[in-house]
Amino acid sequence: MRALMLAALDGDAVAYRTLLAELSRHLRPYFTRRLHAAHSSHAEDLVQETLLAVHSRRMTYDRDRPFTAWLHAVAHHKFVDHIRRHAIRPTVQLDDDAPIFARDESEDAAARMDVDTVLQTVSPRTGALIRQVKVEGASIAEAAKAAGMTETAAKVSIHRGLKALTARFAGGRDDR
C-alpha cells in the first residue's frame with residue numbers, strides 16, 4: 001500500500017483509485033472488529049470517514065515512514081471520534097427517581113412547629129391571618145374573605161399581630 005500511496009502523491013490517478021479500493025478492503029474488517037455487534041452497521045460510515053480523512057490529509061504523510069502506521073493513526077482517530085459521538089450516556093428522568101432525590105423535611109417540620117408555637121401567642125384569628133398571608137402566600141383579600149372581615153381590618157390585625165410578636169420575641173425592641 002505504501003507504493004500506491006507514493007505513486008498517488010506523485011499524481012498517479014490509477015494508483016490513487018487502487019489505493020482507495022485497497023484501503024476500503026483493509027479498513028472494513030478493522031472497524032467491524034472494534035465495533036460492538038449492535039453497531040457493526042457503522043463500520044461502512046467509518047470506512048468512508050477515514051477515506052475522506054486520508055484524502056484531505058494525504059499531504060501530511062511522511063514518505064520516509066511506514067504508510068500503515070499513518071493509516072492506522074488516522075483510522076484510530078476516526079474510531080475514537082465515532083465512539084465519542086455515539087457513546088451511550090445513560091440518562092434518568094428526575095421525575096421517575098423522585099425517591100432518590102427526596103427532600104429531608106425534618107428542618108421544615110421543626111420550622112412549622114416553631115411557627116405554630118409563635119402564632120399561639122396571638123389571638124387565633126390574628127394567627128390564622130398571619131399564617132395565610134405571610135406563610136402560605138395568600139393575598140390580604142383572600143385571607144380577609146376567609147376570616148369574614150374587611151381587607152382593612154385584616155391588614156390592621158396582621159400588622160398588630162406582627163408588632164406584638166416582634167415585641168415579644170425581640171426582647172421588646174422596636175427596630176423602626
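A residue is called buried when its relative accessible area is under 20%, and Phe31, at 0% relative accessibility, therefore counts as buried. The legends below refer to a predicted model.

**View 1. The whole chain is built from helices, with no strands.**
The secondary structure of the chain comes to eight helices and zero strands, and, read along the sequence, these follow the pattern α-α-α-α-α-α-α-α. Of the 176 residues in the chain, 26% are buried, while the accessible surface comes to about 12,300 Å², with 55% of that area belonging to carbon and sulfur atoms. Among the contacts with a separation of 6 or more, 53% are between residues 24 or more positions apart.

**View 2. The largest nonpolar core draws on helices H1, H2, H3 and H4.**
This core has 24 residues, and those with the most contacts inside it are Met5, Leu23, Leu27, Phe31, Tyr61, Phe67 and Trp70. The elements that give two or more residues to the core are helix H1 (2-9), helix H2 (13-34), helix H3 (43-57) and helix H4 (67-86). Leu23 offers one example of the packing, for once its neighbours within four places in sequence are left aside, Leu23 is in contact with Met1, Leu51, Val54, Phe67 and Leu71. A second, separate core of 11 residues includes Ile130, Val133, Ala143 and Ile158.

**View 3. Helix H4 packs its buried residues against H1, H2 and H3.**
Helix H4 has 20 residues and reaches 29 Å from its first C-alpha to its last, which is close to the 28 Å expected at 1.5 Å a residue. The buried residues of H4 are Phe67, Trp70, Leu71, Val74, Ala75, Lys78, Phe79 and His82. As general background to such a list, an α-helix has 3.6 residues a turn, so residues three or four places apart point the same way.

**View 4. Phe31 and Phe79 form a stacked aromatic pair.**
The structure holds five aromatic pairs. In the pair of Phe31 and Phe79, the rings lie 6.5 Å centre to centre, with 25 degrees between the planes, and the pair counts as stacked because planes under 30 degrees apart are classed in that way. Phe31 lies in helix H2 and Phe79 in helix H4, so the pair ties together parts that are 48 residues apart in sequence. Phe79 has a relative accessible area of 15% and is therefore buried, as is Phe31 at 0%. Ring pairs also link Tyr30 with Phe31 and Phe79 into a cluster, and Arg34 lies over the face of Tyr30, at 3.6 Å from the ring centre.

**View 5. Ser157 and Met149 are in contact with each other.**
Ser157 has its place in helix H8 (residues 151-169), whereas Met149 is in the loop between helix H7 (140-147) and H8. Ser157 is buried, with a relative accessible area of 14%, and Met149 is likewise buried, with a relative accessible area of 16%. Leaving aside neighbours within four places in sequence, Ser157 is in contact with Thr126, Leu129 and Met149, while Met149, on the same basis, is in contact with Arg125, Leu129, Ala144, Ala154 and Ser157. Leu129 thus appears in both sets of contacts.

Conventions:
Residues numbered from 1 in each chain as written. Predicted model: local features only at pLDDT ≥ 70, side-chain atom pairs only at ≥ 80, totals over all residues. Heavy atoms only, no water. Core = buried A, V, L, I, M, F, W, Y, C linked by side-chain atoms within 4.5 Å. Buried < 20%, exposed > 50% of the residue type's maximum accessible area, 1.4 Å probe, protein only. Helix = DSSP H or I, 4+ residues; strand = E, 2+ residues; numbered from the N terminus. Contact = heavy atoms within 4.5 Å. Areas by Shrake-Rupley, 256 points an atom, 1.4 Å probe, with all protein chains shown as cover. Phe/Tyr/Trp six-rings, centres within 6.5 Å; stacked < 30°, edge-to-face > 60°. Lys NZ or Arg CZ within 6 Å of the ring centre and 35° of its normal. Expected span 1.5 Å × (residues − 1).
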